[in-house]
Amino acid sequence: MEKFEFNKAERDHIEKIIARYPDSQSAVMPVLWMAQEKFGHVEPDVQKLVAKTLDLPEAHVYGVASFYTQYYKEKMGKYVLDVCTCLSCQVCGGYDMLHYIEEKLGIKAGETTEDGMFSIQSVECLGACGYAPMMQITNDIYVNHLDKAKVDKVIETLKQGKMPEFEPIPMRVAEKS
Amino acid sequence: MQDWRTYEPLLIPSIKDLHKIDVYEKNGGYQQLKKVLSDKEQTPEAVTNTVKNANLRGRGGAGFNAGLKWSFMPKPDGGPRYIAANGDESEPGTFKDRMIFEYNPHLFIEGALIAAYAMSIDAVYVYIRGEYRSWITMMQKAIDDAYAKGYIGKGIMGSKMNCEMYVHMGAGAYICGEESSLMESLEGKRGYPRVKPPFPAQKGLWGRPTTINNIETLANVPLIIKNGSEWFTSIGAKGHPGPVLYGISGHVNRPGVYEYPSGMLITELINDVCGGVRGGKKIKAVIPGGSSTPPLRGDSLDGVRMDADSLRDAGSMMGTAGMVILDEDTDMVDLVWRISHFYHHESCGQCTPCRDGTGWLEKTLLKIKNGEGEIRDLELLLDICFQMEGRTICALADAAAWPVRYSVARFRDEFEARCKKSIYAVA
Ligand SMILES: Cc1cc2nc3c(=O)[nH]c(=O)nc-3n(C[C@H](O)[C@H](O)[C@H](O)COP(=O)(O)O)c2cc1C
Ligand code: SF4
Ligand code: FES
């Protein structure tokens, strides 16, 4: 079985996180994030590590980890494609993009490819509604204005082990008439 | 009122690299913080009054006067006091605070510090939704730079003021945008909203006096301190003044975030600012301020302005000014079902009317959407809404009920048509 531990540098960093709050319980979210960054998920054994590190009951850490959707309670693909299908994305073709990606990767939303490269999720509004349809990759980069060609390109980039580049938010001003 | 065509953005002015602290300083940045710290007349009470008189209404959805909210904080008793800045931004259709994180983070930081001065705050916690990782990095950099220059921390700008500022990263939960849920989340718990009273000013973060303000709300504060409350109330709509970040999405030619005075005509925003509806189609509906605000019919938009009063008269709300424009081809049943799916997914489950109600709304709408609905299901929907509204710990249940209630009322023909086609039609 894999063993999950924080090293000395990480434990020092956790002390700094705790110092931002009046008590150590408040550090549970940032420390869960740290753990997920390091291990790729927060499976029960990782939750135990977080509980031990912060001297909290395991049940409390489980309660928090399970409440928030971005913590991966099980192993996910190397790249998680979070396709927004909410409101503005829905009416701008979000489901078409989701289905195109599902077809392309041969899996459904909620599943992971056999080689462990990709997971797909259909997610709620990501706060990029004006650039719909869009998706986020593994809790990180936003990819706006999706169409089939762009999806193809992004998946190609990811297959080469690279993240797509950060896209600045478009600055908008009305066209002066 | 100034013509919007000549309006120059103040929250997101087009100044290159304004997110960098030295550029921000060169453009007058942190001078308003300096002013309140050094000018003897700018007592905390005076600053609070200026903001109150400016009638700066919260940009997070509820539209409450920010200065008035600050004045609810009890007198300092020596113990810690907090601001929680709300950057959870998760109401579908809302995407404007992110603009401030990317293009003008220091304006927000300066506003938060002036608020901290006005309320004798010891620490500001900036709660940002976890999905905004790239923008959390930007905010953290801006905060680090402001610390390095002595704008945050101990003895701010050589004064006696001490204030810390920390970013707290959310992890995917819409409900954490509700202010008491946000505080629970900051305390390292599940984001269950608290029963009010006690209100946050009495018993907030870690049991101490706390004020929660939206990011855009706080970003307006330096502008008010600089130009005065009268100047602010002269911008845009009388009862709801100031600059507004309009996040416009859906079927328009140029969607995006635009800064204009409050009280813009909806038709002007669509036709003149966003270049009209895609493909020259007709508008079926407009959701004016995020998914919870009742959709307006496309044929009822004449003269309706984006401010609390005008929208109330038209039968909706300002919300977050996250407008979604829906063209004539939009399937309203599909749309409302998807909104219900969202609220069901995001209900924290504490209150039965909300936990079960959101589920029943979604299920019933799915049935109608799939062509298996009966006309009486429309009455059922309205009854479920009635069971939910005003009967829960927080306003999520109301937010879930309104779009359903008003869509069924305003687009009833479309819902009925879907039911009549159904195999179980009774009417
Ligand atoms: C379910 C729910 C979700 C909310 N989400 C947000 C949010 O994401 N951002 C926000 O600023 N306010 C949100 N609010 C409103 C906050 O509770 C609070 O009123 C606001 O942050 C206060 O700031 P303001 O007065 O500056 O607007 C939400 C409210 C409810 C009921
Ligand atoms: S209304 Fe809904 S979201 Fe709000 S506390 Fe009750 S169950 Fe939770
Ligand atoms: S609806 Fe997709 S980002 Fe908001």
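**Chain A fold and ligand surroundings in chain B**

The secondary structure of chain A comprises seven helices and four strands. The model described here is predicted. Read from the N terminus, the elements of chain A follow the order α-α-α-α-β-α-α-β-β-β-α. Along the principal axes, the C-alpha atoms of chain A fill a box of roughly 60 × 45 × 25 Å.

The four strands of chain A form an open sheet with the order 2-1-3-4, and the pairing within this sheet is mixed. The edges are occupied by strand 2 (118-123) and strand 4 (142-143) of chain A; each has a single partner strand, so one side of each is left without a neighbour in the sheet. Strand 1 (residues 79-84) and strand 3 (residues 135-137) of chain A are paired in the antiparallel sense, over three bridges. L81(A) has I137(A), in strand 3 of chain A, as its bridge partner.

Backbone geometry was examined in the loops of both chains. In general, most residues other than glycine have a negative phi, and most peptide bonds are trans. The peptide bond from A132(A) to P133(A), however, is cis, with omega near -10°. P133(A) belongs to the loop between strand 2 and strand 3 of chain A. N139(A), although not a glycine, has a positive phi of about 60°. This residue, N139(A), is placed in the loop between strand 3 and strand 4 of chain A. In chain B, P197(B) and P198(B) are joined by a cis peptide bond with omega of about 0°. P198(B) is found in the loop that lies between helix 8 (179-186) and strand 4 of chain B.

Strand 4 of chain B also contributes to the surroundings of ligand 1. There are 18 residues around ligand 1, of which G60(B), K69(B), N86(B), N214(B) and T217(B) come nearest. With three residues, strand 4 (residues 210-214) of chain B provides the largest share of this shell. By residue class, the shell around ligand 1 consists of four nonpolar, eight polar and six charged residues.

Polar atoms of both backbone and side chain approach oxygen atoms of ligand 1. On the backbone side, a polar atom of R59(B) is 3.4 Å from an oxygen atom of the ligand, and a polar backbone atom of S90(B) is 3.5 Å from an oxygen atom of ligand 1. N213(B) instead presents a polar side-chain atom, which lies 3.1 Å from an oxygen atom of ligand 1. On its own, ligand 1 has 610 Å² of accessible area, and the protein covers 90% of this area.

The surroundings of ligand 2 were described in the corresponding way. Ligand 2 has 13 residues around it, and those that come nearest are C348(B), Q350(B), C351(B), C354(B) and C394(B). The shell around ligand 2 divides into nine nonpolar and four polar residues, with no charged residue. The space that ligand 2 takes is the largest cavity.

Methods. Residues numbered from 1 in each chain as written. Chains lettered and ligands numbered in written order. Predicted model: local features only at pLDDT ≥ 70, side-chain atom pairs only at ≥ 80, totals over all residues. Heavy atoms only, no water. Near = heavy atom within 4 Å. Polar contact = N/O pair within 3.5 Å; in protein donor to acceptor, adjacent residues only side chain to side chain. Areas by Shrake-Rupley, 256 points an atom, 1.4 Å probe, with all protein chains shown as cover. Helix = DSSP H or I, 4+ residues; strand = E, 2+ residues; numbered from the N terminus. Nonpolar A, V, L, I, M, F, W, Y, C, P; charged D, E, K, R; others polar. 1 Å grid on protein atoms, 1.4 Å probe; cavity = no way out; pocket = protein on both sides within 12 Å on 5 of 7 lines; lining within 4 Å. Sits in = over half its atoms within 2 Å of the grid points. Pairing = 2+ DSSP bridges.
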